[in-house]
Amino acid sequence: MTINQISVFLENKSGRLAELTKILFESGVNLRALTIADTADFGIVRIVAEDNVKATEVLEKNHFIVKNTKVLGIEVADQPGGLYKIMELFRTNNVNIEYLYVSMKRNNDKAVVIFKVDDINRGLEIVKENSLVAVSGSDL
């Protein structure tokens with residue numbers, strides 16, 4: 001099970017992130033996970049929304065550059081070593097983690113970590129082979 005993630009490219013200038021979140025708010029789009037990476041000139045805001053289709057449409061209508069990507073959402077034990085165990089599974093199976101971030105939702109005593117891996121199909125196999133709990137976008 002994969003999650004659809006939205007990447008939004010923003011100029012790195014004051015007020016652009018506020019503008020993006022205002023547009024989503026005014027359109028009734030609820031955010032489930034979010035991370036920001038920046039450079040001197042631009043930033044990439046990665047979002048998992050409650051309704052990614054609506055979020056994408058609204059952002060494109062407002063002239064934002066948007067890209068959709070498949071990512072994995074995996075429950076991770078909220079304890080020392082919880083993240084390491086999953087990182088080690090990916091490492092020993094030669095799956096590169098391009099980036100990760102944490103969802104705003106927790107499931108019981110577990111965090112939900114969003115992983116962008118270089119081989120999504122192999123990543124899904126590792127999740128299944130090791131009885132990890134994959135989370136869908138609607139579960140966030």
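**View 1. Glu50 and Arg32 meet in a salt bridge.** Glu50 is partly exposed at 48% relative accessibility; partly exposed lies between buried (under 20% relative accessible area) and exposed (over 50%), with a 1.4 Å probe and protein chains only. Arg32 counts as partly exposed too, at 24%. The N to O distance of the salt bridge is 2.4 Å; the term requires a side-chain nitrogen of Lys or Arg within 4 Å of a carboxyl oxygen of Asp or Glu. The pair links distant parts of the chain, 18 residues apart: Glu50 sits in the loop between strand S3 (42–49) and H2, Arg32 in strand S2 (residues 31–38). Helices (H or I, at least four residues) and strands (E, at least two) are DSSP runs, numbered from the N terminus. The model is predicted: local features need pLDDT of at least 70, side-chain atom pairs count only at pLDDT 80 or more, and totals for chains, interfaces and linings use all residues. Residues are numbered from 1 along each chain as its sequence is written, and side-chain values use heavy atoms, with hydrogens and water left out.

**View 2. Arg16 and Glu19 form a salt bridge within helix H1 (residues 16–26).** Their closest N and O atoms are 2.8 Å apart. The two residues are 3 apart in sequence, about one turn of the helix. Arg16 is buried at 14% relative accessibility, whereas Glu19 is partly exposed at 34%.

**View 3. Helix H3 holds the salt bridge of Glu88 and Arg91.** The closest N and O atoms lie 2.4 Å apart. Glu88 is partly exposed, with a relative accessible area of 22%. Arg91 is exposed at 53%. Elsewhere, salt bridges that share partners join Glu11, Arg16 and Glu19 into one network. The whole structure has 8 salt bridges.

**View 4. Helix H4 (residues 120–129) has buried residues.** They are Arg122, Gly123, Leu124, Ile126 and Val127. These residues pack against strand S4 (65–77) and helix H3 (82–92), where contact means heavy atoms within 4.5 Å. Ser131 follows H4. Its phi is positive, near 50 degrees. Ser131 is exposed at 64% relative accessibility.

**View 5. Lys116 is buried in strand S6 (residues 110–117).** Its relative accessible area is 15%. Not counting residues up to four places away in sequence, Lys116 touches Thr69, Lys70, Val71, Asn96, Ile97, Glu98 and Tyr99.

**View 6. His63 has a positive phi of about 70 degrees.** His63 is not a glycine. Most residues other than glycine have a negative phi. The loop between helix H2 (52–61) and S4 holds His63. His63 is exposed, with a relative accessible area of 71%.
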